[in-house]
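Biologist: Please take a close look at one part of this model for me. I would like to follow the sheet and what surrounds it, step by step.

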Amino acid sequence: MMLINLKFIVKNIYSILALSREKKIAQVLVDKSLKLGVVESCTGGLISSRMTDLSGSSAYIHQNFVTYSYEAKSEILGVNMETIKNNGVVSSQVALEMAKGLLEKYKPDIAIATTGIAGPLGATPNKPVGLIYIGIANEKVQKTYKFEANSKISRRLMKYAFSNKALDCLIEFLKENY
């Protein structure tokens with residue numbers, strides 16, 4: 001496990017130190033006068049933290065939440081409990097409802113949501129540790145992404161890998177839609 005963690009850190013050291021993903025996203029958001037809303041489950045606030053590591057983030061951050069429980073997803077974001085029951089909380093459907101709920105209730109220009117299994121517990125035969133769904137929405141486009149990280153990395157690095165993927169997806173979404 002230690003060797004896997006070390007390899008992950010070495011592979012990602014530049015982006016960790018340079019904030020390259022965050023800077024790319026912030027630049028687009030500022031240039032286009034857009035506000036970002038973030039709702040996280042499996043990333044536990046890490047995306048929000050990373051996006052506010054840059055000075056001046058109040059220019060592009062609207063409102064962020066960490067919603068771990070089913071009830072929080074339902075009460076804060078309006079996620080339908082039937083969606084959770086029928087698809088599981090870790091699903092593209094729930095990720096998209098989280099993003100859409102944030103967009104509709106709190107009015108950012110763009111919303112990003114994460115739900116996944118950071119481990120080491122919580123896996124099922126069809127949903128392994130390392131699985132994340134990312135939902136991104138604006139008023140015209142709604143998209144989900146699926147990613148599976150190496151299940152052997154530590155929980156802390158899993159969350160970082162998840163946040164990297166979510167930020168990469170957000171960069172892609174911004175390029176395609178703005």
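Modeller: Start with Gly37. In this predicted model, the bridge partner of Gly37 in β3 is Ala111. That pair belongs to a wider link. Strand β1 covers residues 36-40 and strand β3 covers residues 110-116. The two run parallel, and 5 bridges join them.

Now step back to the whole sheet. It has 5 strands, and it is open. Read across it and the order is β2-β1-β3-β4-β5. The pairing is mixed. At the edges sit β2 (61-66) and β5 (142-148), and each of these pairs on one side only. From one strand to the next, the twist averages 15 degrees.

A helix packs on this sheet: α6. The helix touches β1, β2, β3, β4 (131-137) and β5. Its direction makes about 35 degrees with that of β4.

Helix α6 also has a helix partner. Residues 92-106 form α6, and residues 70-77 form α4. The two pack at an angle of about 35 degrees, and their axes are 9 Å apart. From α4, the contact uses Lys73, Glu75, Ile76 and Leu77. From α6, it uses Val94, Glu97, Met98, Gly101, Leu102, Lys105 and Tyr106. Sort the residues of this contact by type and you get 6 nonpolar, 1 polar and 4 charged.

Next, look at the loop that leads into α6. Ser91 lies there, between α5 (81-87) and α6. Is Ser91 buried or exposed? Its relative accessible area is 3%, which is under the 20% cut-off, so Ser91 counts as buried. The side chain of Ser91 reaches the backbone oxygen of Gly88 at 2.9 Å. Farther along the sequence, Ser91 touches Thr115, Lys127 and Tyr133. Thr115 falls within the residues of β3, and Tyr133 within those of β4.

Finish with another loop, the one between β4 and β5. Asn138 lies in it. Asn138 has a relative accessible area of 6%, so it is buried too, by that same 20% cut-off. What does the side chain of Asn138 reach? One target is the backbone nitrogen of Lys140, at 2.7 Å. Another is the backbone nitrogen of Val141, at 2.6 Å. Leaving out residues up to four places away in sequence, Asn138 touches Leu103, Asp109, Ile110, Phe173, Asn177 and Tyr178. Among them, Leu103 lies in the stretch of α6, and Ile110 in that of β3.

Definitions and conventions: Residues are numbered from 1 along each chain as its sequence is written. This is a predicted model: local features need pLDDT of at least 70, side-chain atom pairs count only at pLDDT 80 or more; totals for chains, interfaces and linings use all residues. Side-chain values use heavy atoms; hydrogens and water are left out. Axes are lines fitted to C-alpha atoms, for helices over the stretch in contact, and angles run from 0 to 180 degrees between N-to-C directions. Helices (H or I, at least four residues) and strands (E, at least two) are DSSP runs, numbered from the N terminus. Contact means heavy atoms within 4.5 Å. Ala, Val, Leu, Ile, Met, Phe, Trp, Tyr, Cys and Pro count as nonpolar, Asp, Glu, Lys and Arg as charged, and the others, Gly among them, as polar. Two strands pair if DSSP finds at least two bridges between them. Buried means under 20% relative accessible area, exposed over 50%, partly exposed in between (1.4 Å probe, protein chains only). A polar contact is a pair of N or O atoms within 3.5 Å; within protein, one must be able to donate a hydrogen and the other to accept it, and residues adjacent in sequence count only if both atoms are side-chain atoms.
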